[in-house]
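Student: I'm new to this one and would love a close look at a single part of it. Could you take me through the inside, starting with any empty space, and then follow the strands around it?

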Amino acid sequence: MKNPFRRNKMTGIHHSSKILHRYAGNPILTAADVPYQADLVYNAGVTFFNGKYCIAPRVDSADPAPEPGESNFASINTGLGWSDDGIHFDIEPEFVRVHYGDELLPWVCDGRLTVLEDELYLTFCFENQHSERPGIARWRGKGTDFDVVWLGIPQQRNMVLFPEKINGMYMRLERPSNQWGDPFHIWYAFSPDMQYWGRQELMLGCEDVPFASVKIGAGAPPVKTDRGWLLIFHAVDGVPAAPEESDNRGWTKRYMSGAALFDLNDPTRLIAITKEPLLTAEMPYETGKDKNFWVQDTVFPCGAVIEPDGDTLRIYYGAGDTNTCLATVSLQELFDFMSPATRLAPRATIPFRYKDWQK
């Protein structure tokens with residue numbers, strides 16, 4: 001029997017769904033739109049807080065001549081900005097500062113924003129000599145200062161918080177790295193106080209997403225709807241290395257976006273999923289080759305906000321690890337686009353040899 005937990009690296013030819021509508025003015029945020037030196041401004045967490053849209057983009061500056069073995073980046077930071085319309089953002093003149101006791105964390109990046117109990121939280125990872133570590137921080141209420149609530153151990157990325165407690169417990173999603181080239185999956189954890197986390201289990205397996213073979217991860221924090229908890233996620237499969245003349249660093253991954261729906265009372269239970277991608281890289285600002293364009297075949301959702309009409313979902317996403325874009329979709333059309341689903345593995349306890357699971 002073919003092992004359903006292993007797929008070929010490429011999962012087929014994919015296109016963005018017709019129900020998704022890109023904003024005509026994309027990209028909405030680039031390196032030219034921030035008040036400091038930057039080469040790449042992308043993967044921005046976005047939420048609605050105190051009557052304004054809040055954005056936290058990743059901001060990278062390239063090292064034009066890195067030493068052998070050194071990072072290609074001179075700096076990696078997180079910005080913070082505000083907007084009345086969710087399109088035109090005023091970016092604070094200083095980067096986000098995440099305080100951990102008496103020190104500031106280095107290279108804080110890949111932030112996601114969640115409003116929880118009327119407070120603004122940033123989930124993030126930060127790069128350091130002991131590898132990338134995840135964290136949760138609370139905004140001080142002014143400026144760009146956040147205080148660490150919790151720090152984790154390597155290697156984890158794509159951590160997001162649910163915007164409310166689930167049965168009296170805080171809930172988060174996370175995406176640890178795997179070894180031996182195995183796919184990466186989405187996991188969940190619960191906490192009574194946001195400091196001590198436990199009850200970790202599988203939330204969504206890479207094998208549950210037909211257009212993923214390398215990894216999946218939480219994109220935007222979950223959104224509560226009348227149908228259930230909606231998760232806009234990223235999904236990755238493999239593609240042949242780009243030709244050298246493309247200036248895309250031999251990139252061999254294709255990042256797409258999909259959606260999954262989980263039970264309103266038990267968010268650990270999958271009830272529906274998109275069998276085809278919601279969004280793939282197709283537009284010039286998603287696949288282009290300008291001098292600062294970083295990677296091809298990459299769209300990465302990081303923020304999801306339901307508009308006051310109750311049906312329009314805004315999806316904020318990074319394109320090519322280069323800029324920040326916006327798309328919208330009708331929730332009703334999205335629910336119709338999804339298929340009923342359950343996880344292939346109800347828990348992450350499948351024997352190493354798949355055939356043993358069939359006994």
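Tutor: Searching the whole structure, which is a predicted model, turns up one cavity of 30 Å³ or more. The volume of this largest cavity is about 30 Å³. So what lines the largest cavity? The residues are Asp110, Thr123, Phe124, Cys125, Arg157, Asn158 and Met159. Two strands, β10 (119-126) and β13, each give at least two residues to that lining.

Let's follow β13 outwards from there. It belongs to an open sheet of four strands, in the order β13-β14-β15-β16, with antiparallel pairing. Which strands sit at the edges? Those are β13 (156-161) and β16 (198-204), and each of them pairs on one side only. On average, neighbouring strands of this sheet are turned by 25 degrees against each other, ignoring direction.

Now for the pairings in that sheet. Strand β13 meets β14 (residues 170-176) through four bridges, in the antiparallel sense. If you want a spot to click on, try valine 160, whose bridge partner in β14 is leucine 173. While you're in β14, have a look at arginine 172 too: its charged end sits over the ring of tryptophan 150, 4.1 Å from the centre of that ring.

At the other end of the sheet, β15 (residues 186-191) pairs with β16, again antiparallel and over four bridges. Here tryptophan 187 has leucine 202 of β16 as its bridge partner. The two strands make a hairpin with six residues between them, and methionine 194 in the turn has a positive phi of about 70 degrees. Is β16 enclosed or open to the outside? It is largely enclosed by the rest of the structure, because five of its seven residues are buried.

Back to β13 for a moment, and the stretch that leads into it. The loop between β12 and β13 holds glutamine 155, and the peptide bond joining proline 154 to glutamine 155 is cis, with omega about -15 degrees. There is a cis bond from asparagine 26 to proline 27 as well, with omega near -10 degrees; proline 27 lies in the loop between β1 and β2.

On the far side of that first loop is β12 (residues 145-151), and β12 brings us to another set of pairings. It pairs with β7 in the parallel sense, over three bridges. In this pairing, valine 98 stands opposite phenylalanine 146 of β12. Strand β7 is also joined by two bridges to β8 (residues 103-104), and these two run antiparallel. Histidine 99 is the residue opposite leucine 104 in β8. Between β7 and β8 the hairpin has two residues, and glycine 101 there takes a positive phi near 65 degrees.

The other strand at the cavity, β10, has its own lead-in. Glutamate 117 is in the loop between β9 (108-116) and β10. Its phi is positive, about 55 degrees, although glutamate 117 is not a glycine. Is glutamate 117 buried or partly exposed? With a relative accessible area of 43%, glutamate 117 is partly exposed.

Let's finish with the rings. The structure holds 10 aromatic pairs. One of them joins tyrosine 36 and phenylalanine 95, a tilted pair with 4.1 Å from centre to centre and 40 degrees between the planes. These two come from distant parts of the chain, 59 residues apart: tyrosine 36 is in the loop between β1 (21-22) and β2 (40-49), and phenylalanine 95 in the loop between β6 (90-91) and β7 (97-100). Tyrosine 36 counts as buried because its relative accessibility is 13%, while phenylalanine 95, at 23%, counts as partly exposed. Another pair is phenylalanine 48 with tyrosine 53: the ring centres are 5.0 Å apart and the planes stand at 75 degrees, so this pair is edge-to-face. Of these two, tyrosine 53 is buried, with a relative accessible area of 6%, whereas phenylalanine 48 counts as partly exposed at 42%. Ring pairs also link Phe49, Trp82 and Trp139 into a cluster. And here's one more charge over a ring: the charged end of arginine 58 sits over phenylalanine 73, 5.8 Å from the ring centre.

Methods
Residues are numbered from 1 along each chain as its sequence is written. This is a predicted model: local features need pLDDT of at least 70, side-chain atom pairs count only at pLDDT 80 or more; totals for chains, interfaces and linings use all residues. Side-chain values use heavy atoms; hydrogens and water are left out. Two strands pair if DSSP finds at least two bridges between them. Axes are lines fitted to C-alpha atoms, for helices over the stretch in contact, and angles run from 0 to 180 degrees between N-to-C directions. Rings of Phe, Tyr and Trp (its six-membered ring) pair if their centres lie within 6.5 Å; planes under 30 degrees apart count as stacked, over 60 as edge-to-face and the rest as tilted. Buried means under 20% relative accessible area, exposed over 50%, partly exposed in between (1.4 Å probe, protein chains only). A charge sits over a ring if NZ of Lys or CZ of Arg is within 6 Å of the ring centre and within 35 degrees of the ring normal. On a 1 Å grid over the protein atoms alone, a cavity is a set of points where a 1.4 Å probe fits but cannot get out, and a pocket is an open set with protein on both sides within 12 Å along at least five of seven lines; lining residues have an atom within 4 Å of a point. Grid points are joined across faces, edges and corners, and a volume is the space filled by probe spheres set on the points.
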